[in-house]
Amino acid sequence: MTDQNTDSTPSAVPPRKPAWGRLAAWFGLFLLLGIVAIGLVSTQQGPVGIGRQVPDFTLETFDGQSVALAEQRGKVVVVNFWASWCKPCEQEAADLEAAWRYYAPRGDVVFVGIAWTDTESASLEYIDRFDITYPNGPDLGTKISQDFHTTGVPETYIIDQTGKLAYKKFAPFTSLSEIRAAIDPLLEP
Amino acid sequence: MYKRVWIALLIGLALGLGTSQIAWAQAPTPAGPTDDQVNAVAKQLYCPVCENTPLDVCPTQACAQWRDLIRQKLIAGWSEGQIKDYFVEQYGERVLGTPPPRGLNWLFYFVPPLALITGAYILYRTYRSMRLKPSAQTAAPAAPPDEYVKRLEEELRKKN
């Protein structure tokens, strides 16, 4: 009886066609979610970590020079992000310049100042006010700060001779000796 | 005699002041852009430091510098588009109120309307199926009474 019933069920039910529209909608949704996720991961990524390779950059300085990080291998590079409107930056400006003048004769320490979201005239006035002599330039398009995942200014990154991050500080240096204490361990006696 | 001297001095002073006033009035005024003109550009740009704050209402020193920069560019004869391009070059695309339509930015323009259309379509389909179901039920012929129920009712009737 039961067998008969099952036999009598219509076997002519057409096979279900794949719902292309639905598949495309799901694919599109997952693609969109993937793009959003990649964007979120990249924006939420923290600053460069100690011991990690620092992203390469080339800074066009205010006086028309070009400073490429990749060309500084073998030297200790001090990268300082600052802005003329940033009051804490003013606290460390003189000490950074003093440190630069202290290490400059050695030739194995490079200082680079990056003006973050600043106007050129205000930056130049700031450089003049603190008599800063090491290379400084604008972070055009905020590209360098985005690569470093900076969180504000002042921020200082000290990169060792192999291009890896050795030290970082997200506050102003308070003295020349503090800057020296960060750089000296990286230098050969 | 003194009185005449005083009067002459006063008249001279008055004339001097009067002519100087005229001179001030005739002196060419610097034809700089007004605050409204500066703000018309500034409100299309966002502070790159403080998030989601248009430049025209941003109270920080940095924003004041950028408004001043807009003023300088307007004085130099730059157009609104040129100023916006300059800001993008200096501070990145995030200073723009609306992302420029290129690359992945197209998603911002296509996804919201597409999501709206898809949502409306899903709503329409759901509403249609909800309307069709009750009518289908009423249109369906009454199901024949179950044999078992029929017999049960008969038995009960007999018992009573």
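This report describes a predicted model of two chains, A and B, beginning with the architecture of each and ending with their interface.

## Chain A: overall architecture

The secondary structure of chain A consists of 6 helices and 7 strands, and their order from the N terminus is α-α-β-β-β-α-β-α-β-α-β-β-α. The radius of gyration of chain A is 28 Å, well over the 16 Å given by the globule rule for 189 residues, so chain A is more spread out than a compact globule. Taken along the principal axes, the box filled by the C-alpha atoms of chain A is roughly 100 × 40 × 30 Å.

The domain assignment divides chain A into domain 1, covering residues 17–46, and domain 2, covering residues 58–186, and the centres of these two domains, taken over C-alpha atoms, are separated by 40 Å. Of the 189 residues in chain A, 29% are buried. Where contacts in chain A join residues at least 6 apart in sequence, 74% of them link residues at least 24 apart.

## Chain A: backbone features in the loops

Three sites in loops of chain A can be read against a general background. Most residues other than glycine have a negative phi, and most peptide bonds are trans.

Thr117(A), although it is not a glycine, has a positive phi of about 40 degrees, and its place is in the loop between β4 (109–115) and α4 (120–129) of chain A. Is Thr117(A) buried or exposed? With 23 other C-beta atoms within 10 Å, Thr117(A) is buried, because the cut-off for burial is 20 or more such atoms. Asp131(A) is likewise not a glycine and has a positive phi, here of about 55 degrees; Asp131(A) lies in the loop between α4 and β5 (136–138) of chain A. Asp131(A) has 10 other C-beta atoms within 10 Å and is therefore exposed, since a residue with 12 or fewer falls into that class.

The remaining site concerns a peptide bond, the one from Val153(A) to Pro154(A), which is cis, with omega near -5 degrees. Pro154(A) is placed in the loop between α5 (143–148) and β6 (155–159) of chain A.

## Chain A: Ala94 in helix α3

Ala94(A) belongs to helix α3 of chain A, which covers residues 87–103. With 14 other C-beta atoms within 10 Å, Ala94(A) is partly exposed, because this count lies between the limits of 12 or fewer for exposed and 20 or more for buried residues. Ala94(A) and Ser177(A) are 83 residues apart in sequence, and the distance between their C-alpha atoms is 13 Å.

## Chain B: overall architecture

Chain B has 6 helices and 0 strands, so that its elements, read from the N terminus, run α-α-α-α-α-α. Of the 160 residues of chain B, 12% count as buried. Among contacts in chain B between residues at least 6 apart in sequence, 43% join residues at least 24 apart.

For chain B the domain assignment gives domain 1 at residues 35–96 and domain 2 at residues 100–127. The C-alpha centres of domain 1 of chain B and domain 2 of chain B are 31 Å apart.

## Chain B: helix α3 and its buried side

Helix α3 of chain B has 15 residues, 61–75, and at 1.5 Å a residue it should span 21 Å, which agrees with the 21 Å between its end C-alpha atoms. Which residues of α3(B) are buried? They are Ala62(B), Cys63(B), Trp66(B), Leu69(B) and Ile70(B). Because these residues cover an arc of only 110 degrees around the axis, they are on the same side of α3(B).

The buried residues of α3(B) pack against two helices of chain B, α2 (35–42) and α4 (80–91). After α3(B) comes Gly77(B), whose phi is positive, near 90 degrees.

## The interface between chains A and B

At the interface, 12 residues of chain A are in contact with 15 residues of chain B. Helix α2 of chain A, residues 20–44, provides the largest share of the side of chain A that touches chain B, namely 3 residues. By class, that side of chain A has 8 nonpolar and 4 polar residues, and no charged residues.

Terms used
Residues are numbered from 1 along each chain as its sequence is written. Chains are lettered from A and ligands numbered from 1 in the order in which they are written. This is a predicted model: local features need pLDDT of at least 70, side-chain atom pairs count only at pLDDT 80 or more; totals for chains, interfaces and linings use all residues. Helices (H or I, at least four residues) and strands (E, at least two) are DSSP runs, numbered from the N terminus. The radius of gyration is taken over C-alpha atoms; the globule rule is 2.2 Å times the number of residues to the power 0.38. Two residues are in contact if their C-beta atoms, placed from the backbone, lie within 7 Å. Ala, Val, Leu, Ile, Met, Phe, Trp, Tyr, Cys and Pro count as nonpolar, Asp, Glu, Lys and Arg as charged, and the others, Gly among them, as polar. Domain bounds come from an automatic or database domain assignment. The expected span of a helix is 1.5 Å times one less than its number of residues. The arc is that of the directions from the helix axis to the C-beta atoms.
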